[in-house]
Amino acid sequence: MKMHKNVRISLKKLSLPTPIKKYFSSQNWDMDLGSNTNPFGGDFSNYPDVMQLDLKKLYLKRILSLNPPPTFEVVVDENNVLFTAGSMEGIDLLLRAFPDPNQDLVCIPTPTFSAYAHWSIINELRVKKIPLLGKNLDQVDIESIIKLNPKLLFICNPNNPVGTLISHATLKKLCQSLSGFIIIDEAYIEFSDQHSSLFYLNEYPNLIILRTFSKGWGLAGVRCGAIIAHKTIIDTLRYIQYPFSVSIPSQQAVREILTAPEKVFETWKKIEKMRRSLYSELSQKRNVIKVFESQTNFLMLALHNFEEVMRNLKQEKIHVLDCSSELLQSIRVSIGTEEQNQKFLEIISG
Ligand SMILES: Cc1ncc(COP(=O)(O)O)c(C=O)c1O
């Protein structure tokens, strides 16, 4: 299995981890006496399936049918998918696989999900944050990024914590102009009107999509995410990923939701309606400076009485994300149940 040419220099000669080598060889077996597991154990006594071919097929079938563009050609198959222990593992895997420590640059348009910078630093990479522009913080400073020529560029779309979308035109321009990888984190795509960048994966060999089951799919506790990319990228990550990182119970839970997704689809509609309603109520509050129009299951807002609201939320034991280091006097709040949203509105009203 070939590695991508842009893999970290120190990894070029790595072989596949021993426990998974046999799955990628031509060898076939009915009896596994090579894994030292307990033959008298129960349902979980064997290691999980590492290929997950049926699950990947089912996953692709579902996500390709969700909000597709008017015309598209199916260009992805099981070879383009790697399941991970949440998309956090996906982020870390990409940082460990491609950029060289103390040398390569990771560009991150901000404000955005803090994990990209956090794990870049852990991986001893150079990080350059590029402020997002425009009154809705949805414009990427393309020229500055091109000049910096990063090895990796992380774009969260729709963006956390702002909730807004980056246009397809911008994303395509970045893919065309950069020689490094463009990682589009679509953790919240299920809540958005915009179709996934997955549909133009065939056009750009440097495009990588990150997905998760933690948000729209309602399975944060299961810890499953996915990387969708060109085959050589996925193959390379197999050399680096812990051999059995997606457990049997995780695979079972994911299979269940993908087999009968109707209920979860209903929740997406419900959350969208609740987000619209919370947005319009918050926009009318005199203490609210601005609410960002969101395409996710959360809202970011700036407040006149930020300190007072934070104090009151703490008193009521309600946690929201303090975003004041990114944008003055701002917080990010998830769309909760009707009662939770109501309680939050009461506190904002003062
Ligand atoms: C943009 C974004 N990406 C990834 C993640 C992590 O997701 P997971 O639970 O799959 O690790 C989060 C979680 O908050 C997120 O907001």
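**Aromatic pairs and nonpolar cores**

The structure, which is a predicted model, holds 16 aromatic pairs. A pair of aromatic rings is described by the distance of the centres and the angle of the planes. One of the pairs is formed by Phe83 and Phe213, whose rings are tilted, with 6.5 Å from centre to centre and 50 degrees between the planes. Because Phe83 belongs to strand S1 (residues 81-84) whereas Phe213 lies in the loop between strand S6 (207-212) and strand S7 (225-228), this pair ties together parts that are 130 residues apart in sequence. Phe83 has a relative accessible area of 2% and is therefore buried, the threshold being under 20%; Phe213, at 0% relative accessibility, likewise counts as buried. Phe213 also pairs with Trp217, again in a tilted arrangement, with the centres 5.8 Å apart and the planes at 50 degrees, and Trp217, like Phe213, is buried. These three residues belong to one aromatic cluster that is formed by Tyr59, Phe83, Phe213, Trp217, Phe265 and Trp268.

The surroundings of Phe213 extend beyond aromatic rings. When neighbours within four places in sequence are left aside, Phe213 is in contact with Tyr59 and Phe83, with Gly218, Leu219, Ala220, Cys224 and Gly225, and with Val254, Ile257 and Leu258.

In the largest nonpolar core, which comprises 55 residues, the members that touch the most other members are Tyr59, Phe83, Leu174, Phe213 and Leu258. The most is given to this core by helix H2 (residues 53-64), which supplies six residues, and at least three residues are drawn from each of domain 1 (9-259) and domain 2 (263-349). A second core, separate from this one, consists of 34 residues, among them Leu16, Leu94, Leu237 and Ile240.

A further buried position is found in helix H3 (residues 86-97), where Ser87 is placed. With a relative accessibility of 11%, Ser87 counts as buried, and, neighbours within four places in sequence again being left aside, its contacts are with Leu210, Arg211, Thr212 and Gly225. Gly225 is also among the residues in contact with Phe213.

Arginine side chains were also examined in relation to aromatic rings. Arg96 lies over the face of Tyr242, at 5.9 Å from the ring centre, and Arg332 is placed over the face of Phe298, at 5.5 Å from the ring centre.

Notes: Residues are numbered from 1 along each chain as its sequence is written. This is a predicted model: local features need pLDDT of at least 70, side-chain atom pairs count only at pLDDT 80 or more; totals for chains, interfaces and linings use all residues. Side-chain values use heavy atoms; hydrogens and water are left out. A nonpolar core is a set of buried Ala, Val, Leu, Ile, Met, Phe, Trp, Tyr and Cys residues joined through side-chain atoms within 4.5 Å. Buried means under 20% relative accessible area, exposed over 50%, partly exposed in between (1.4 Å probe, protein chains only). Helices (H or I, at least four residues) and strands (E, at least two) are DSSP runs, numbered from the N terminus. Domain bounds come from an automatic or database domain assignment. Contact means heavy atoms within 4.5 Å. Rings of Phe, Tyr and Trp (its six-membered ring) pair if their centres lie within 6.5 Å; planes under 30 degrees apart count as stacked, over 60 as edge-to-face and the rest as tilted. A charge sits over a ring if NZ of Lys or CZ of Arg is within 6 Å of the ring centre and within 35 degrees of the ring normal.
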